[in-house]
Amino acid sequence: MTGRGMKIGVIGAGAWGTALAQVAAQGEREVMLWAREPEVVTAVNRGHENPLFLAGVPLSPTIRATGSLGDLAGLDALLVVVPAQHVRAILAETPVDGTPLVLCAKGIEAKTRLLISEVVREVAPAAPIAVISGPTFAHEVAAGLPAAVTLACEAAALRTRLAERLAGPAFRPYASSDVIGAEIGGAVKNVLAIACGVVEGAGLGQNARAALIARGFAEMTRFGLARGARAETLAGLSGLGDLVLTCSSVSSRNFSLGVGLGRGKAAADLLADRKTVAEGAFTAPVLREAAADVGVDMPVAEAVCALLGGAAVRGVIDDLLARPLRDEAH
Ligand SMILES: NC(=O)C1=CN([C@@H]2O[C@H](COP(=O)(O)OP(=O)(O)OC[C@H]3O[C@@H](n4cnc5c(N)ncnc54)[C@H](O)[C@@H]3O)[C@@H](O)[C@H]2O)C=CC1
Ligand SMILES: O=C(CO)COP(=O)(O)O
């Protein structure tokens, strides 16, 4: 069977899960979308919209929302699009068995320091795993604007079928077998986007932001290589591509969080009561620990941790700039 006939389910109806359901529904194909919020289920089924997480985008009528994870049984692949810290709990309640899981969250599990693919191997050991990651603001993808992603999966046949199923006129998956590399790019760039937002909020200028993107990419590469990622994946869509996107736009929740920090607002106030997720705030502390585990220096990630912990912006920036001079290659 080619991938085109695969029946797709999406777990998580935030902005990105809804946008991916829209991608999977192209050609009037049916898609089952699990939403945690009953009002989202109702709005998608009755009005073909998701005003809570993706307002203003008309959705395909072939997307059917459900509040019951049991309704996902028997599908050919499930896209997992709940925030990283909730993947374990949600999959434990989902009828997965051997269904392929396409992991779309960008983060590291805080209490275990595991990448999401490692979490899923624990909670759904029979499920083949793929990862989709790349520079993709949900509202642009849902509106049908052009975007490209890394689609990583070790099994070549499944990789091809998923790419056939999800590719569309404006959505281009690029195949890779480097699952860990695709995950690390997406997780680390969120932390670096907070740092770039701080540069913006504190008015440090365009030169500083470009320097931070380049030195941040050096950090991502050091950590990724130490964890077994391939350099070309880190330099691709899911690494450098997504880093550039989220480090240069207030459409990024992580960048916007950094702008607030850079203007001197407290992290606790910026994060209180928010409905949408800024994954970098959860990833930064666990990334610092995970980097220490493999002996990798990540000064920008350290600085983000300090700011999230309440340190004053000026002091953190002064400390970064006062670090000993070093070779660029390190
Ligand atoms: N929004 C975007 O443009 C993109 C987001 N992503 C990633 O997709 C993942 C999901 O993010 P978004 O769709 O943007 O979410 P969102 O910020 O739009 O919405 C929050 C989501 O979290 C869910 N949620 C809240 N508490 C929960 C709980 N206790 N258990 C399970 N789910 C819970 C909500 O139901 C909702 O689906 C994140 O890892 C994000 O980094 C990846 C690419 C693009
Ligand atoms: O991952 C994203 C774009 O690729 C979305 O970024 P934010 O989560 O920072 O909004």
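**Notes on the two ligand shells and the annotated sites**

1. Let's start with asparagine 254, which sits in helix α11. Bear in mind throughout that this is a predicted model. With 27 other C-beta atoms within 10 Å, asparagine 254 is buried. Setting aside neighbours within four places in sequence, asparagine 254 is in contact with Asn190, Ala193, Ile194, Gly197, Thr246, Ala278, Glu279 and Gly280.

2. Asparagine 254 also turns up in the UniProt record: an unreviewed entry places a "binding site" feature at Lys106, Arg253 and Asn254. These three span 149 residues in sequence, but no two of their C-alpha atoms are more than 12.8 Å apart, so they gather at one spot.

3. Where does lysine 106 lie? Look in the loop between β5 (101–103) and α4 (116–123). Lysine 106 is buried, as 28 other C-beta atoms lie within 10 Å. Beyond neighbours within four places in sequence, lysine 106 has contacts with Ala84, Ser133, Gly186, Ala187, Asn190 and Glu279. Two of those names may ring a bell, since Asn190 and Glu279 are also among the contacts of asparagine 254.

4. There is a longer "binding site" annotation too, again from an unreviewed UniProt entry, covering Lys106, Gly134, Thr136, Lys189, Asp242, Ser252, Arg253 and Asn254. Glycine 134, one of these, belongs to the loop between β6 (129–133) and α5 (138–142). Glycine 134 counts as buried because it has 23 C-beta neighbours inside 10 Å, against a threshold of 20 or more. Outside the four places on either side in sequence, glycine 134 is in contact with Ala148, Val149, Thr150, Leu237, Ser238, Gly241 and Asp242.

5. Lysine 189, also on that longer list, is part of helix α7. Lysine 189 has 32 C-beta neighbours inside 10 Å, so it counts as buried. Apart from neighbours within four places in sequence, lysine 189 is in contact with Met220, Asp242, Leu243 and Thr246. Asp242 is thus a contact of both lysine 189 and glycine 134.

6. A word on α7 itself. The helix covers residues 179–201, 23 residues in total, and goes 34 Å from its first C-alpha to its last, close to the 33 Å expected at 1.5 Å a residue. Helix α7 is mostly covered, with 22 of its 23 residues buried. Just after α7 comes glycine 203, with a positive phi of about 70 degrees.

7. Now for ligand 2. Around it are 13 residues, of which Thr136, Asp242, Ser252, Arg253 and Asn254 come nearest. Two or more residues each come from α7, α10 (237–246) and α11 (253–262), and α10 gives the most, with three. In class terms, the shell has four nonpolar, five polar and four charged residues. Domain 1 (3–177) and domain 2 (185–321) each supply at least three residues. Those five nearest residues also appear in the longer UniProt annotation.

8. Which residues are the closest to ligand 1? They are Gly14, Trp16, Ala105, Ala138 and Thr276, out of 25 that surround it. Helix α1 (residues 15–24) gives the most to this shell, with three residues. The class breakdown is 14 nonpolar, seven polar and four charged. Since domain 1 (3–177) and domain 2 (185–321) both give residues to the shell, ligand 1 lies between them.

How values were computed. Residues numbered from 1 in each chain as written. Chains lettered and ligands numbered in written order. Predicted model: local features only at pLDDT ≥ 70, side-chain atom pairs only at ≥ 80, totals over all residues. Helix = DSSP H or I, 4+ residues; strand = E, 2+ residues; numbered from the N terminus. Expected span 1.5 Å × (residues − 1). Buried ≥ 20, exposed ≤ 12 C-beta atoms within 10 Å, placed from the backbone. Near = placed C-beta within 6 Å. Nonpolar A, V, L, I, M, F, W, Y, C, P; charged D, E, K, R; others polar. Domains from an automatic or database assignment. UniProt positions renumbered as here; feature names shortened; annotations may be inferred. Contact = placed C-beta atoms within 7 Å.
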